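Let's take a walk through a protein model together. Keep the picture beside you and look up each part as we get to it.

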Amino acid sequence: MTDKNHSLRTFHFERTEILAHRLIAKDTWQLTFRSSKLAQSTLPGQFFMIRLAHCNDPLIGRALAMFDRSTDTDGNLEALSVAYVVKGKFTQALSKLQTGQSIEVWGPLGNAFSTEPVDHLIMVAGGVGITPMLTLASDALGQAAFGTAKVPKRYASRTTLCYGARTRDYLAALDEFNSRGVELALATEDGSLGHHGRVTQVLEDLLRQEQGSVRIACCGPEPMMQAVSKLASSYKVACEVSLETPMACGIGICFTCVAKIDQGDGSWDYRRTCIEGPVFDAQSVVW
Ligand SMILES: Cc1cc2nc3c(=O)[nH]c(=O)nc-3n(C[C@H](O)[C@H](O)[C@H](O)COP(=O)(O)OP(=O)(O)OC[C@H]3O[C@@H](n4cnc5c(N)ncnc54)[C@H](O)[C@@H]3O)c2cc1C
Ligand code: FES
């Protein structure tokens, strides 16, 4: 994790305009909004709290991770996007918003994935856990300056995305990953694309062949992250997981987001995933 400072960090709030809103997979939307400030300061793994502007239902914002950044015609970072699956009250309302309407956003929140040099960065995503992986891959391959850094720095020689979903219709942004040079290893539960079965099988096949240094970055349903963490441990590979515990404030005040984290001495304590996570060393999580 790039930030071990657990104190409340500075974040930025704005009411901003939706620049684009499109369906990228079954029930899955990419929403792009204007914010040069957030685009320049958000790291892969960090997230935003988003609320509908001019509407108090739902009152509480929802956490959505950074999905992609975009630049204006002069190459300056000017916008960000999030990707979400339509699930409940908030995402149903969000999916009805059009280009030109407003949302309220505060961020960047939480910590980010590590940027330590590694031979092979393996990203493992289940369902909408794909969200933080696109900018993570771009930055790891040195295609973008991350955060406020001016010069892009490559820190992985190779990146692979192990990506699992129920059916091929739910797999999002495959062309985007492809065009950025990310190797794809897919799995679907119904066998409609890639390996027929679980993404953990695809991951194990990769780990078995590995020679150099490897780090795993994982996001998805909790049972999948637990299984990935177990595999990482048995292959002695570093692994970070991004937890998606439900959140109310996103800024460390309400304690709705706690997860059990090992203290290193055999005991565990609750940690707020909004400010001490969402990215944790997989071996420190008490599943
Ligand atoms: C750090 C972080 C990053 C996230 N990034 C994304 C993202 O990029 N894209 C995305 O689609 N979602 C993401 N989420 C989840 C998101 O915040 C919302 O919880 C989700 O979109 C559902 O909101 P809703 O109002 O539509 O559904 P709700 O009406 O709140 O809930 C619908 C159903 O989903 C369950 N649920 C609610 N929140 C969660 C959760 N966090 N995990 C599992 N089940 C839940 C509820 O119990 C209920 O059964 C993230 C969560 C966290 C904490
Ligand atoms: S969401 Fe309120 S403390 Fe984490």
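## Around the ligand

Start with the ligand: 21 residues surround ligand 1, and those that come nearest are Tyr 84, Gly 88, Phe 90, Thr 91 and Thr 131. Keep in mind as you look that this is a predicted model. Strand 4, strand 5 and helix 2 (89–94) are the elements that give two or more residues to this shell. Sort the shell around ligand 1 by class and you get 13 nonpolar, 4 polar and 4 charged residues. Where do the residues of the shell come from, in terms of domains? Domain 1 (12–109) and domain 2 (118–284) each provide at least three of them.

## Two domains side by side

The domain assignment splits the protein chain into domain 1 (12–109) and domain 2 (118–284). Measure from one C-alpha centre to the other and the two domains are 21 Å apart. They do touch: 23 residues of domain 1 are in contact with 25 residues of domain 2.

Which elements supply the side of domain 1 that touches domain 2? At least two residues each come from strand 1 (12–25), helix 1 (36–41), strand 3 (47–52), strand 4 (62–71) and strand 5 (77–85). Strand 4 gives the most to that side, with 6 residues. By class, the residues of the side of domain 1 that touches domain 2 are 15 nonpolar, 5 polar and 3 charged.

## Strands that pair up

Now for the strands. Strands of a sheet pair through backbone hydrogen bonds, and the pairing can be parallel or antiparallel. Here are some of the pairs, with how they run and how many bridges they have.

| Pair | Sense | Bridges |
|---|---|---|
| Strand 1 and strand 6 (102–109) | antiparallel | 6 bridges |
| Strand 1 and strand 2 (28–34) | antiparallel | 6 bridges |
| Strand 3 and strand 4 | antiparallel | 4 bridges |
| Strand 4 and strand 5 | antiparallel | 5 bridges |
| Strand 7 and strand 8 | parallel | 8 bridges |

You can find individual partners too. Arg 15 stands opposite Glu 104 in strand 6, while Arg 22 stands opposite Gln 30 in strand 2. Between strand 1 and strand 2 there is a hairpin with 2 residues between the strands, and there Asp 27 takes a positive phi near 60°.

Strand 4 deserves another look. Is strand 4 mostly covered or mostly exposed? It is mostly covered, with 7 of its 10 residues buried. Leu 64 in strand 4 is the bridge partner of Phe 48, and Ser 70 stands opposite Ala 79 in strand 5. The hairpin of strand 4 and strand 5 has 5 residues between the strands, and Gly 75 in this hairpin takes a positive phi near 85°.

Then there is an open sheet of 7 strands, with mixed pairing and the order 10-9-8-7-11-12-15. Its edge strands are strand 10 and strand 15 (279–281), since each pairs on one side only. Inside that order you can spot strand 7 and strand 8, the parallel pair, where Leu 121 stands opposite Thr 159 in strand 8.

## A helix with two faces

Next, find helix 5 (residues 199–209), whose buried residues are Val 199, Thr 200, Val 202 and Leu 203. Why do they lie on the same side of helix 5? Because they cover an arc of only 155° around the axis. Turn to the face pointing away from that buried side and you meet the exposed residues Asp 205, Arg 208 and Gln 209.

What do the buried residues of helix 5 pack against? Their partners are strand 7 (118–126), strand 8 (156–165), strand 9 (183–188), strand 10 (195–196) and helix 6 (222–234).

## A proline in a loop

Last stop: Pro 246, which sits in the loop between strand 12 (238–242) and strand 13 (258–262). Is Pro 246 buried or exposed? Pro 246 counts as exposed because it has 10 C-beta neighbours inside 10 Å, and the cut-off for exposed is 12 or fewer. Setting aside neighbours within four places in sequence, Pro 246 is in contact with Thr 256 and Cys 257. Ile 122, by comparison, is 124 residues from Pro 246 in sequence and 26 Å from it in space, C-alpha to C-alpha.

Conventions:
Residues numbered from 1 in each chain as written. Chains lettered and ligands numbered in written order. Predicted model: local features only at pLDDT ≥ 70, side-chain atom pairs only at ≥ 80, totals over all residues. Buried ≥ 20, exposed ≤ 12 C-beta atoms within 10 Å, placed from the backbone. Arc of directions from axis to C-beta. Contact = placed C-beta atoms within 7 Å. Domains from an automatic or database assignment. Nonpolar A, V, L, I, M, F, W, Y, C, P; charged D, E, K, R; others polar. Near = placed C-beta within 6 Å. Pairing = 2+ DSSP bridges.
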